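Subject: Structure for you to look at

Hello,

Here is the structure I said I would pass on. Please open it alongside this message, as the notes refer to residues by number.

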Amino acid sequence: MKRSIQLLLAMLMVVGFSVQGQIPHPRETFGHEVGADYKLADYDQMLEYYEKLEASTDRVKMIEIGKSVMGRPIKLFVISTEENIAQLEKWREISEKLSRAEITEEEARKLSKDGKAIVWFDGGMHATERAHAQMTSELLWRVAAEESEEMQKIRENVITLVVPVINPDGLDIVVDWYRKTLGTPYESSSPPILYQKYVGHDNNRDWFMNNMPETKAVTKVLYSEWYPQIVHNHHQTAPRGAMIFIPPFRSPVNQKIHPGVTTGVNLVGTAMANRFAMKKMPGAIATTGYSMFWNGGMRTAPYYHNQIGILTETAQPTPSPTEYDPEKMPERVAGKPANSTEIFYPYPYKGGTMRFRMAIDYMLEASMAVLDLAADKKDEFLYNIYSMGRDAIEDESGAFAYVIPTDQWNPSEAINLTNILMQGGIEAHRATSDFTANGKSYKAGSIIFYGSQAFRPFLADLMEKQDYPDQFLYPGGPPMPPYDLAGWTLPLQMGVTVDRVTTSFNAQAEELTEKLSFDAGTVTGSGRYGYVFSNKDNQSATAINRLQKAGYTVSILQEAEGEFEAGSVLVRRKGKLDADVAKMSEELGLNFTKLAKKPSAEVVELAPVKIGIYKSWRANMDEGWTRWMLEQFEFDLDTLHNVDIKTGDLAQYSAIIVPSQNSRTIVDGTNRAPERFRGGIGEEGVAALDAYTKGGGTVIFFDDASNMAIEHFKLPVTNVLDDLKSNDFFIPGSLIRSDVDTSQPLAFGMMPEVAASFNQSSAFKVNAGAEGITEVVKYASDDLLMSGWAMGEDEHLANTSAMLDVEYGGGKMVLFGFRPQFRGQPRGTYKLIFNAIYSGANKNKAKLRSK
């Protein structure tokens with residue numbers, strides 16, 4: 001009997017070694033070990049390996065879930081036993097039922113025992129954090145091929161999901177830059193361009209808006225398909241002196257997150273810490289830097305879906321080895337003693353040569369800790385996500401529903417808000433007949449988001465204002481900055497009316513299952529002169545740009561006439577305008593009115609609109625977001641580098657936009673780059689912008705860039721916040737109530753009150769005796785904080801200027817104290833940008849520039 005058992009075990013080992021030998025290791029494709037010094041695989045090599053891996057085993061299924069912004073395929077891997085892979089839909093359906101929590105407890109208990117834990121890993125999001133995109137190939141191999149007892153248990157009980165590279169474009173940009181600079185002083189530097197075409201590092205700030213195709217693709221898998229219980233988002237780098245940051249996170253935690261999520265995160269972090277300790281891998285530190293309040297990151301958005309979001313930050317993001325002298329290691333790491341007396345840093349890193357492979361090993365072991373825990377407690381994780389979902393559904397303290405009425409100032413953004421929430425897994429309904437709720441009448445077509453759903457935390461967090469708790473570094477000391485933002489409420493940012501209804505009501509409604517298109521507009525009136533349409537809706541900019549590109553004459557009404565408000569758009573009839581208007585009305589949801597004669601009101605004809613956007617050689621996310629936003633509305637634009645500002649034909653541009661960036665960086669640039677990427681626009685560029693503006697041009701400055709305008713063009717304006725200390729004034733990433741002078745051309749079509757996205761931003765005061773400066777937007781006189789956290793706002797911010805129209809020679813400079821396009825979120829302030837652009841396209845100004 002004993003001999004038979006030994007023979008059976010021997011046979012199983014042979015089979016195991018045989019399977020492992022059949023599954024190719026990444027080194028065989030890359031030509032080097034994963035994590036080798038000075039070596040990086042590019043995405044083509046990885047795609048080649050992915051194909052070989054899937055072809056070698058039935059334990060792996062590869063799925064293309066979307067394309068990157070530059071058209072590269074994004075791959076999702078599903079790994080488990082051959083038997084589990086053959087029944088993937090069964091495991092996916094169980095996960096969905098438990099996550100949506102619309103089943104009985106009895107069924108949930110049974111499915112939790114029958115199902116498999118779903119665990120997600122991703123790499124390659126932040127491309128200059130080079131290790132995790134390399135590591136994931138070995139993670140795929142290890143989960144698929146390893147035959148240890150632990151891994152067999154994992155494959156049996158866990159469905160492992162891996163997107164090895166979320167940002168393939170950035171991977172290739174960074175690998176190419178590293179290879180070109182290898183052996184130079186810049187071999188570990190960042191490229192001089194964004195490593196995601198539009199948003200760079202902000203690709204991890206897009207996880208509730210889903211503006212980018214990469215986030216859309218992943219979000220669909222997370223919240224509409226697989227519903228993982230654990231999401232592990234790999235990043236770099238660790239606090240200086242440590243090897244890896246792991247959970248638990250620091251306070252505060254958002255009150256809308258279920259405590260089961262918070263304690264679940266702590267549980268996973270503890271499993272990681274123990275694994276590192278027992279494997280003699282020092283340097284794991286916790287409870288520093290990262291909190292659990294902000295929504296919008298890859299590991300934070302899952303919290304609001306009852307998923308355990310894990311972030312790790314591992315040291316050594318470059319293949320070039322780094323020396324840490326053991327004699328010079330810091331006594332404190334991220335504020336914690338590095339002498340083994342700290343509970344959350346009990347096993348300090350002591351220094352030495354840090355190599356790329358060390359980062360790979362730490363990431364792999366962190367991932368293994370997650371998988372091992374999930375396999376051991378799979379029933380518990382499955383049932384817990386159901387239980388948290390039921391708590392959300394049955395929460396009687398929350399809203400009964402959020403209703404988006406049909407009557408909106410900016411109807412297209414109400415549709416966009418609906419689609420954003422649905423993309424995030426929220427269930428939506430559309431009323432099929434009129435109804436009443438809380439004493440208010442609503443028309444058919446109103447959107448209803450019922451609060452009674454498993455993802456209520458996500459819905460409530462985006463729909464309601466944030467109240468960030470006061471936190472200070474020490475009693476009486478400066479405020480402790482939040483991780484990322486403190487306030488982001490979407491209806492406020494987007495300028496959409498949403499009613500929070502607390503009492504139950506009945507409405508005939510249909511569930512929405514597809515993304516909404518804009519509601520078709522109308523074409524009314526008679527006459528052959530042309531058409532007029534309102535500029536209130538953001539899509540009016542798309543219409544203007546399409547009309548101009550089709551060759552039509554477009555003008556802006558400078559004053560109201562009858563039913564037409566100042567800012568309305570006039571287009572002269574010719575050719576096939578009737579057909580084009582009908583098409584745009586249907587596609588964009590705009591209402592057009594035919595005219596029999598020219599309006600008597602003053603109109604300004606627009607010259608063809610063309611924009612130049614300044615782009616420094618220091619990659620700037622605000623520039624990328626600006627470029628992306630304007631492309632969504634079909635503006636004609638060029639990128640202007642330093643040489644284009646200095647020597648280019650600036651007169652061709654209706655407006656030049658300088659995105660938010662430090663004044664010194666704009667003018668002087670950076671010297672930490674190869675020669676061709678050094679420097680800024682210099683005094684020569686300042687002189688060129690001076691001449692362009694005096695000659696009738698319009699230059700638009702966002703937030704920090706406005707300080708450059710004040711300083712270098714000697715504008716009679718002061719940024720009143722410049723010299724304040726954080727103890728006296730502090731507003732980190734919050735929404736601030738602002739008043740708009742809608743009589744000003746730069747504010748035509750705006751609501752009289754908006755939420756300004758204020759992130760340690762600017763506020764202006766016009767110097768005494770100055771002329772030719774108009775205040776377009778000012779921060780409110782009281783009750784400034786709409787969402788987030790603010791200190792000292794009443795004393796230092798109230799009644800100051802948020803946006804100025806400054807006459808400068810024959811042209812103008814437009815100063816924004818805030819970022820009106822921040823991360824593609826504050827749609828309610830987009831029109832301020834559009835109006836500034838169109839003011840620069842005044843045909844008379846264009847003639848002046850051309851001279």
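What follows is a list of findings, from the whole chain down to single residues. Please keep in mind that this is a predicted model.

Overall form

The secondary structure comes to 26 helices and 37 strands. For 851 residues, a compact globule would have a radius of gyration near 29 Å, and the chain agrees because its own value is 29 Å. Along the principal axes, the C-alpha atoms fill a box of roughly 105 × 65 × 60 Å. Of the 851 residues, 62% count as buried. The accessible surface is about 32700 Å², and carbon and sulfur atoms account for 48% of that area. Taking contacts between residues at least 6 apart in sequence, 80% join residues at least 24 apart.

The eight-stranded sheet

One open sheet has eight strands in the order 1-2-4-3-5-8-6-7, and its pairing is mixed. Its edges are strand 1 (60-67) and strand 7 (284-285), each of which pairs on one side only. Strand 3 (residues 117-122) and strand 5 (residues 230-235) run parallel and are joined by four bridges. Asp122 has Asn233 of strand 5 as its bridge partner.

Two helices can be placed against these strands. Helix 10 (residues 213-224) packs on the sheet and touches strand 1, strand 2 (73-79), strand 3 and strand 5. The direction of helix 10 makes about 135° with that of strand 1. Helix 11 (residues 259-278) lies across strand 5, strand 6 (244-245), strand 7 and strand 8 (308-314), and runs at about 40° to strand 8.

The loop between strand 6 and helix 11 deserves a look for its peptide bonds. Most peptide bonds are trans. The bond from Pro247 to Pro248 is cis, with omega near 5°, and Pro248 lies in this loop. The bond from Ser251 to Pro252 is also cis, again with omega near 5°, and Pro252 has its place in the loop between strand 6 and helix 11.

Strand 24 and its partners

Strand 24 (residues 592-595) pairs with strand 20 (residues 523-525) in the parallel sense, over three bridges. Strand 21 (residues 530-533) runs antiparallel to strand 24, and four bridges join them. Lys594 of strand 24 is the bridge partner of Gly525, and Tyr531 stands opposite Lys594 as well.

Aromatic pairs

The count of aromatic pairs is 36. In one of them, Phe293 and Tyr468 meet edge-to-face, with 4.6 Å centre to centre and 75° between the planes. That pair links distant parts of the chain, 175 residues apart: Phe293 is in the loop between strand 7 and strand 8, and Tyr468 is in the loop between helix 15 (456-463) and helix 16 (490-494). Both Phe293 and Tyr468 are buried.

Phe633 and Tyr830 form another pair, with ring centres 5.9 Å apart; their planes stand at 90°, so this pair is edge-to-face. Here the separation along the chain is 197 residues, from Phe633 in the loop between helix 19 (621-632) and strand 27 (637-640) to Tyr830 in helix 25 (residues 830-840). Phe633 has 5% relative accessibility and therefore counts as buried. Tyr830, at 1%, counts as buried too.

There is also a cluster in which ring pairs link Phe245, Phe249, Tyr290, Trp294 and Tyr483.

Around Pro820

Pro820 is in the loop between strand 37 (811-816) and helix 25. Its relative accessibility is 0%, so Pro820 counts as buried. Leaving aside residues up to four places away in sequence, Pro820 touches Phe702, Pro826, Thr829, Tyr830 and Ile833. Tyr830 is thus a contact of Pro820 and a member of the ring pair with Phe633. The C-alpha atoms of Pro820 and Leu785, 35 residues apart along the chain, are separated by 17 Å.

Positive phi values

Most residues other than glycine have a negative phi. Asp783 has a positive phi, near 50°, and is found in the loop between strand 34 (773-779) and strand 35 (785-787). Asn799 also has a positive phi, near 70°. Asn799 lies in the loop between helix 24 (793-796) and strand 36 (801-808), and counts as partly exposed because its relative accessibility is 43%.

Regards

How values were computed: Residues are numbered from 1 along each chain as its sequence is written. This is a predicted model: local features need pLDDT of at least 70, side-chain atom pairs count only at pLDDT 80 or more; totals for chains, interfaces and linings use all residues. Side-chain values use heavy atoms; hydrogens and water are left out. Two strands pair if DSSP finds at least two bridges between them. Contact means heavy atoms within 4.5 Å. Axes are lines fitted to C-alpha atoms, for helices over the stretch in contact, and angles run from 0 to 180 degrees between N-to-C directions. The radius of gyration is taken over C-alpha atoms; the globule rule is 2.2 Å times the number of residues to the power 0.38. Buried means under 20% relative accessible area, exposed over 50%, partly exposed in between (1.4 Å probe, protein chains only). Accessible areas come from the Shrake-Rupley method with a 1.4 Å probe; for residues, only the protein chains shown count as cover. Rings of Phe, Tyr and Trp (its six-membered ring) pair if their centres lie within 6.5 Å; planes under 30 degrees apart count as stacked, over 60 as edge-to-face and the rest as tilted.
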